[in-house]
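This report describes selected residues, a metal site and pockets of one model. The sequence and structure are shown first.

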Amino acid sequence: MAIIAPSLLSADFTRMGEEVREIESAGAKVLHIDIMDGHFVPNLTFGYSMVKALRPLTDMVFDVHLMMTDPIDYIEDFAKAGADVITVHTECDSDLNECIDLIHKCGKKAGLSVKPKTAPEVLFNYLDRLEHILIMTVEPGFGGQSMMPECLAKIAPIKAECAARELRIPVMIDGGVNAANVRTAAEAGADMMVAGNAVFGAADRAEAFRRLSERSEI
Ligand code: DX5
Ligand code: ZN
């Protein structure tokens, strides 16, 4: 069974605390938190004060996805606010090794993400230093888009390279996961999947979360 990580981006912003408690009660272990800077992507979300406010409410792993041009300037803030995993994009302007160093210095797990047009091999130089890999299955910036299924083909070469180096790094996909494609994504090798609209767009979040989890079983 894959780990389904509900994405806060699709939650009801007028009741964030309740949303977080509800999905944790449903069994979610990981909360995906999308940070957009209006520059790396054409959208804005929220900042580290949101992470800090939610931190005392839950034991879920906070998986913070930085869609930022210069993530290096904000890593320490998100670490202090309570992030557990901090992921930056290979396409950002910050030096990726410096980002990974700083995330580790803050005592957090470091992730790298690739957008749909970026080749998976770009990650290979960094694999030995990563605890998390995030494959975008939509162009980042907005929830509720349709999955680009061709992006799933990136998972196999990454996992093969990890296996050859005896590394066990969870590979997460992000974008357009729903009950109809979650099994295909699991078969393609996704260990973890972000689900925004598919969880928070449902009237019964708990049921939607459980259905996605069950259908990811292969
Ligand atoms: C998109 C974000 C995703 C988004 C996914 O840029 O990185 O995490 O929340 O939302 P859905 O699951 O609705 O595609
Ligand atoms: Zn995301």
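Methionine 50 lies in helix H2 (residues 48–54), where helices (H or I, at least four residues) and strands (E, at least two) are DSSP runs numbered from the N terminus. Methionine 50 is partly exposed, with a relative accessible area of 22%; buried means under 20%, exposed over 50%, and partly exposed in between (1.4 Å probe, protein chains only). Not counting residues up to four places away in sequence, methionine 50 touches Leu8 and Met16, contact being defined as heavy atoms within 4.5 Å. The C-alpha atoms of methionine 50 and glycine 38 are separated by 17 Å, and the two residues are twelve residues apart along the chain.

This is a predicted model, in which local features need pLDDT of at least 70 and side-chain atom pairs count only at pLDDT 80 or more, while totals for chains, interfaces and linings use all residues; side-chain values use heavy atoms, with hydrogens and water left out. Residues are numbered from 1 along each chain as its sequence is written, and chains are lettered from A and ligands numbered from 1 in the order in which they are written.

Leu8 is also touched by phenylalanine 13, whose contacts, not counting residues up to four places away in sequence, are Leu8 and Phe46. Phenylalanine 13 is found in the loop between strand S1 (3–6) and helix H1 (16–25) and is partly exposed at 47% relative accessible area. A separation of 22 Å lies between the C-alpha atoms of phenylalanine 13 and isoleucine 86, 73 residues apart along the chain.

**The zinc site**

Which protein donors surround the zinc ion (ligand 2)? They are His32 (NE2), Asp34 (OD), His65 (ND1) and Asp174 (OD), lying 2.0 to 2.3 Å from the ion. Donors are N, O and S atoms within 2.8 Å of the metal (3.2 Å for Na, K and Ca); water is not among the atoms, so sites may look incomplete. Along the chain, the donors of the zinc ion follow the spacing H-x1-D-x30-H-x108-D. Two of these residues link distant parts of the chain: aspartate 34 belongs to strand S2 (residues 30–36) and aspartate 174 to strand S7 (residues 171–174), 140 residues apart. Aspartate 34 is buried at 4% relative accessible area, and aspartate 174 is buried at 7%.

The site is octahedral, with angles of 70 to 168° among six donor atoms. Six donors count as octahedral if opposite donors are over 155 degrees apart and all others between 65 and 115.

**Pockets**

On a 1 Å grid over the protein atoms alone, a pocket is an open set of points where a 1.4 Å probe fits, with protein on both sides within 12 Å along at least five of seven lines; lining residues have an atom within 4 Å of a point. Grid points are joined across faces, edges and corners, and a volume is the space filled by probe spheres set on the points.

| Pocket | Volume | Lining by class |
|---|---|---|
| Largest pocket | About 330 Å³ | twelve nonpolar, 14 polar, two charged |
| Second largest pocket | About 180 Å³ | six nonpolar, one polar, four charged |

Ala, Val, Leu, Ile, Met, Phe, Trp, Tyr, Cys and Pro count as nonpolar, Asp, Glu, Lys and Arg as charged, and the others, Gly among them, as polar.

The largest pocket is lined by 28 residues, and those nearest its centre are Gly143, Gly144, Gln145, Gly175 and Gly176. Two or more lining residues come from each of S2, strand S3 (61–67), strand S8 (192–195) and helix H7 (197–200). The lining of the second largest pocket includes Ile3, Val30, Asp63, Lys109, Glu131 and Met192.

**Loop residues and the segment after H8**

Isoleucine 72 lies in the loop between S3 and helix H3 (75–81), and serine 94 in the loop between strand S4 (85–89) and helix H4 (96–105). Is serine 94 buried or exposed? Serine 94 is buried at 8% relative accessible area, while isoleucine 72 is partly exposed at 25%. Leaving aside neighbours within four places in sequence, isoleucine 72 is in contact with Ser94, Glu98, Cys99 and Leu102; on the same basis, the contacts of serine 94 are Thr69, Asp70, Pro71, Ile72 and Cys99.

Glutamate 166, in the loop between helix H5 (155–164) and S7, has a positive phi of about 55° although it is not a glycine. Glutamate 166 is exposed, with a relative accessible area of 74%.

Serine 216 is found in the segment after helix H8 (205–215) and counts as buried at 1% relative accessibility. Serine 216 touches Met1, Ala2, Val182, Ala186 and Met193, not counting residues up to four places away in sequence.

Definitions and conventions:
Four donors count as tetrahedral if all angles lie between 85 and 135 degrees; four count as square planar and six as octahedral if opposite donors are over 155 degrees apart and all others between 65 and 115; anything else is irregular.
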